[in-house]
Amino acid sequence: MDILVTGGTVFASRAAAQYFADSGHNVFVLNRGTRPQPQNVTPIIADRHSLGDRLKHRHFDAVLDVTAYDSDDVNDLLDSLGCFGTYVLISSSAVYPETLPSPFSESYKCGANSIWGKYGTDKISAENALLSRVSDAYILRPPYLCGYMNNLYREAFVFECAEAGRPFYLPSDGRMKLQFFHIGDLCRLTELILNSSPADHIFNTGYPISVSIRDWVKLCYESVGREPEFINVPKTVPQRSYFPFYDYQYELDVSRMNRILSDLTPLEDSVAGSYEWFRNNRELIIKKPLIQFIDSELKEIMK
């Protein structure tokens with residue numbers, strides 16, 4: 001297939017571009033050319049908001065839109081495309097209001113989420129713009145993505161703490177649960193959708209069983225060959241100042257996804273793969289001052 005992937009240079013979009021290129025497809029990546037490109041792809045160096053007629057003469061069997069964050073992103077790309085087959089939008093679990101009963105189902109009405117704010121409402125606008133113009137498009141709603149090429153300061157933060165032999169400052173009792181989805185499984189799910197055209201068009205994605213933050217940190221430390229020493233932090237300390245996730249627990253109902261993809265990558269394998277990638281790509285991590293806060297303020301608070 002000839003596949004257009006938006007982005008293609010960072011985490012999810014790069015992993016998708018590389019996955020389909022490695023699978024033998026003709027992959028075109030649309031980006032501004034500010035970062036190194038994946039291997040064996042054809043770059044289209046342009047801003048998606050000012051494409052003009054550059055894509056009008058091309059036919060794509062599939063469009064994999066990983067970098068659409070609002071309606072303008074979707075509409076400007078659609079205005080510039082010529083003929084295309086299947087359109088797949090990578091959306092987000094942030095489209096569900098946190099007030100809904102968990103696990104969130106695809107049948108739930110989307111709405112504002114106070115935790116995710118504008119990010120969530122913009123994703124809703126992207127979905128609505130797409131479905132108003134491409135009624136048979138597919139929409140994937142992942143929770144937290146994990147695995148190789150993850151340049152976000154999530155696993156990377158824990159890996160750094162583990163490598164330095166630091167005790168880990170754990171929010172509250174560590175029982176809060178997180179739902180992840182392996183980036184390779186997201187690519188495999190997309191491939192299955194392109195190949196089989198399932199009747200359902202909106203899919204929650206993720207591991208069916210969430211993991212406590214305590215167990216997730218242990219997996220990260222174990223990948224480094226360490227055992228964490230935990231220090232429990234009271235809820236009075238803002239969680240995001242020393243930990244990479246919001247104090248927000250939710251779960252997606254992924255039974256619809258499981259009907260077409262059930263053999264998921266074990267979370268421990270995903271974490272191990274993430275650490276292997278991290279070891280060789282430390283300079284690509286987008287760091288946040290979590291360790292600085294721990295050393296300059298949290299240690300004093302915890303005395």
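1. Contact here means heavy atoms within 4.5 Å. By that rule, and leaving aside neighbours within four places in sequence, Arg 14 is in contact with Gly 8, Thr 9, Pro 36, Gln 37, Pro 38 and Met 149. The model is a predicted one, and the points below should be read with that in mind.

2. Arg 14 belongs to helix H1, which covers residues 11-22. Which side chain of opposite charge is nearest to Arg 14? That side chain is Asp 22, but Asp 22 is 10 Å away. A salt bridge needs a side-chain nitrogen of Lys or Arg within 4 Å of a carboxyl oxygen of Asp or Glu, so the distance of 10 Å leaves this pair outside the rule. Arg 14 is buried and has no salt bridge. A polar atom of the Arg 14 side chain does lie 3.5 Å from the backbone oxygen of Thr 9, and Thr 9 is also listed among the contacts of Arg 14.

3. Elsewhere, charged side chains do pair. The count of salt bridges comes to 16. One of the arrangements is a network that links Arg 166, Asp 295 and Lys 299. Three further pairs are described in the next points.

4. Lys 118 and Asp 122 form a salt bridge with an N to O distance of 2.6 Å. Both residues are in helix H3 (residues 118-133), four residues apart, or about one turn of the helix. In general, an α-helix has 3.6 residues a turn, so residues three or four places apart point the same way. The two partners differ in exposure: Lys 118 is exposed, at 60% relative accessible area, whereas Asp 122 counts as buried at 18%. The cut-off for buried is under 20%.

5. Helix H3 also supplies a partner for a residue outside it. Glu 127 and Arg 141 form a salt bridge, with their closest N and O atoms 2.7 Å apart. Glu 127 is in helix H3 and Arg 141 is in strand E6 (residues 138-141), so the pair ties together parts that are 14 residues apart in sequence. Are these two residues buried or exposed? Arg 141 is buried at 3% relative accessibility, and Glu 127 is buried at 3% as well.

6. Helix H8 runs over residues 267-280, which makes 14 residues. From its first C-alpha to its last, H8 reaches 20 Å, close to the 20 Å expected at 1.5 Å a residue. Its buried residues are Leu 267, Ser 270, Val 271, Ser 274, Tyr 275, Trp 277 and Phe 278. Viewed down the axis of H8, these buried residues fall within an arc of 165°, so they line one face of the helix. They pack against several elements, including helix H4 (155-163), helix H6 (213-224) and strand E7 (144-146).

7. H8 also holds a salt bridge between Glu 276 and Arg 279, whose closest N and O atoms are 3.3 Å apart. The two residues are three apart within H8, about one turn of the helix. Glu 276 is partly exposed at 43% relative accessibility, and Arg 279 is partly exposed at 44%.

8. Helix H6, one of the elements that H8 packs against, contains Arg 214. Arg 214 is partly exposed, at 33% relative accessibility. Outside its neighbours within four places in sequence, Arg 214 is in contact with Leu 170, Gly 174 and Phe 230. Arg 214 and Phe 168 are 46 residues apart in sequence, and their C-alpha atoms are 9.7 Å apart in space.

Definitions and conventions
Residues are numbered from 1 along each chain as its sequence is written. This is a predicted model: local features need pLDDT of at least 70, side-chain atom pairs count only at pLDDT 80 or more; totals for chains, interfaces and linings use all residues. Side-chain values use heavy atoms; hydrogens and water are left out. The expected span of a helix is 1.5 Å times one less than its number of residues. Buried means under 20% relative accessible area, exposed over 50%, partly exposed in between (1.4 Å probe, protein chains only). The arc is that of the directions from the helix axis to the C-beta atoms. Lys and Arg count as positive and Asp and Glu as negative; His and the chain ends are not counted. A polar contact is a pair of N or O atoms within 3.5 Å; within protein, one must be able to donate a hydrogen and the other to accept it, and residues adjacent in sequence count only if both atoms are side-chain atoms.
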